Structure formats: structure tokens, C-alpha cells
Amino acid sequence: MTELKIVADFKRQTQQRGSIKTAAVVVLAIAAMLAGVVAQRFVGEPEVTFQTVGGDEMNWQSEKWTVINYFAEWCTPCLRELPELNAYYQDGEARLLGVSYDNLSAEALKAMIERQQIRFPVVASEDVSNLPVPMPSVLPTTYIISPDGKLVKTLHGEQTEQGLTTLLLSL
């Protein structure tokens, strides 16, 4: 009988130790997460830079709102919205960047920009992976980025100059 009691006591102590260890691990994990959040606020996020087809180096963060438009030359709605995007870019209210959905060489991308008369900067294909927005599954897709570099809104489908202007004024 005494052996059973010893075994039962050992099991109970082991379970308690396991619970204490689990609780300690959870507390340490939460503390590490909070430390990471605090450090990120003080240190900041790593700077994201990319280059346009024209050779300009740009920062992800800007003093203005940023509009990122993913398009492709084979996408009819994308081509229909290009004149609207050109007009929006001319207004200068926000920074507008185009991103070709297709991974084109620099020469092919320059030729497509010329054919389609794109007047706003287009991110170089080799730098698209640097952008901290997901590759869209629908075209055209437009991302609205706050001046501090945070994704605020994702728009699917054709955009207009007036629609973008109205949206950004409401943010």
C-alpha cells in the first residue's frame, strides 16, 4: 500500500512540476514577445528600399501617402485604368508606383511602359520582392500605404482618379 502512495505522490508532484514548467515557458514567451514589440518601437522597422525602372532609389516610407498599383499588359481592366492613374499621378497628391505583375526584364519593362504611355514610376522587376505587400491574386490590385509605411487598404478592380482622390481624402 505504501508503494502505491509513493507512486501517487510522485505522479502528483510530477504533474505539478509540469504545470509550473508550462506556466513558466508561457510567461517567458509572452515576455519575449513584449520585449520585441517594445524594441521595434524604439529601433524601428528595417528600412525598405527599391529601385524604379528609371533608376531612382526610393524608400518604402514617404512623407506622402503611397498608392501601389499592380498591373499587367495582358489585363484589359489594367490597361483601361492606366489613363486614370496617369491623371492621378499628375495631381501629385500622393506618391503613385506601378508594379508589373509579370517578371519582365528591364528592357521589356521599359518597352511596355513606353507602349502603354505610363507616366508614373514603375518598380524594377528585380526589386518587387522587396516590397512589403503581398503579390495579388487579382488584377488590377491597388494598395494604399500610409506615410509611415503601413498597408491601410487593398482595392481590387479598376480605379479612377476621382475614386483615389476621394478615398485618400477620407483617410
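Visitor: Is threonine 142 buried or exposed, and what is its relative accessible area?

Guide: Keep in mind that this is a predicted model. Buried means under 20% relative accessible area. Threonine 142 comes out at 0%, so it counts as buried. You'll find threonine 142 in strand 5, residues 141-145.

Visitor: Which residues does threonine 142 touch, leaving out those up to four places away in sequence?

Guide: Look for heavy atoms within 4.5 Å. Threonine 142 touches Val67, Ile68 and Asn69, then Lys153, Thr154 and Leu155, and also Gln159 and Leu164. With asparagine 69 there's a polar contact too: the two side chains are joined at 2.9 Å.

Visitor: Leu164 sits in helix 4, residues 161-170. Which residues of helix 4 are buried?

Guide: Leu164, Leu167 and Leu168 are the buried ones. They span an arc of only 95 degrees around the axis, which means they lie on the same side of helix 4. Flip to the face turned away from that buried side, and you get the exposed residues Gln162, Leu169 and Ser170.

Visitor: What covers the buried residues of helix 4?

Guide: The cover includes strand 3 (66-71), helix 2 (76-91), strand 5 and strand 6 (151-156).

Visitor: Let's try glutamine 51. How does its accessibility class read?

Guide: Partly exposed is the class between under 20% and over 50%. Glutamine 51 has a relative accessibility of 32%, so it goes in that class. It lies in strand 1, residues 49-51.

Visitor: Which residues is glutamine 51 in contact with, apart from neighbours within four places in sequence?

Guide: Asp56, Glu57, Val123, Ala124 and Asp127. Take aspartate 127: it is 76 residues from glutamine 51 along the chain, yet their C-alpha atoms are separated by 6.4 Å. The side chain of glutamine 51 also reaches the backbone oxygen of glycine 55, at 3.4 Å.

Visitor: Now pockets. What does rolling a probe over the atoms show?

Guide: A probe the size of a water molecule, rolled over the atoms, shows where empty space is left. Here, the second largest pocket has a volume of about 180 Å³.

Visitor: Which residues line the second largest pocket?

Guide: Going along the chain, the lining has Thr52, Val53, Gly54 and Asp56, then Tyr89, Lys110 and Ile113, and finally Ile118, Arg119, Phe120, Pro121 and Val122.

Visitor: How do the lining residues of that pocket divide by type?

Guide: Seven are nonpolar, two polar and three charged. One of the lining residues, Asp56, is also a contact of glutamine 51.

Terms used:
Residues are numbered from 1 along each chain as its sequence is written. This is a predicted model: local features need pLDDT of at least 70, side-chain atom pairs count only at pLDDT 80 or more; totals for chains, interfaces and linings use all residues. Side-chain values use heavy atoms; hydrogens and water are left out. Helices (H or I, at least four residues) and strands (E, at least two) are DSSP runs, numbered from the N terminus. Buried means under 20% relative accessible area, exposed over 50%, partly exposed in between (1.4 Å probe, protein chains only). A polar contact is a pair of N or O atoms within 3.5 Å; within protein, one must be able to donate a hydrogen and the other to accept it, and residues adjacent in sequence count only if both atoms are side-chain atoms. On a 1 Å grid over the protein atoms alone, a cavity is a set of points where a 1.4 Å probe fits but cannot get out, and a pocket is an open set with protein on both sides within 12 Å along at least five of seven lines; lining residues have an atom within 4 Å of a point. Grid points are joined across faces, edges and corners, and a volume is the space filled by probe spheres set on the points. Ala, Val, Leu, Ile, Met, Phe, Trp, Tyr, Cys and Pro count as nonpolar, Asp, Glu, Lys and Arg as charged, and the others, Gly among them, as polar. The arc is that of the directions from the helix axis to the C-beta atoms.
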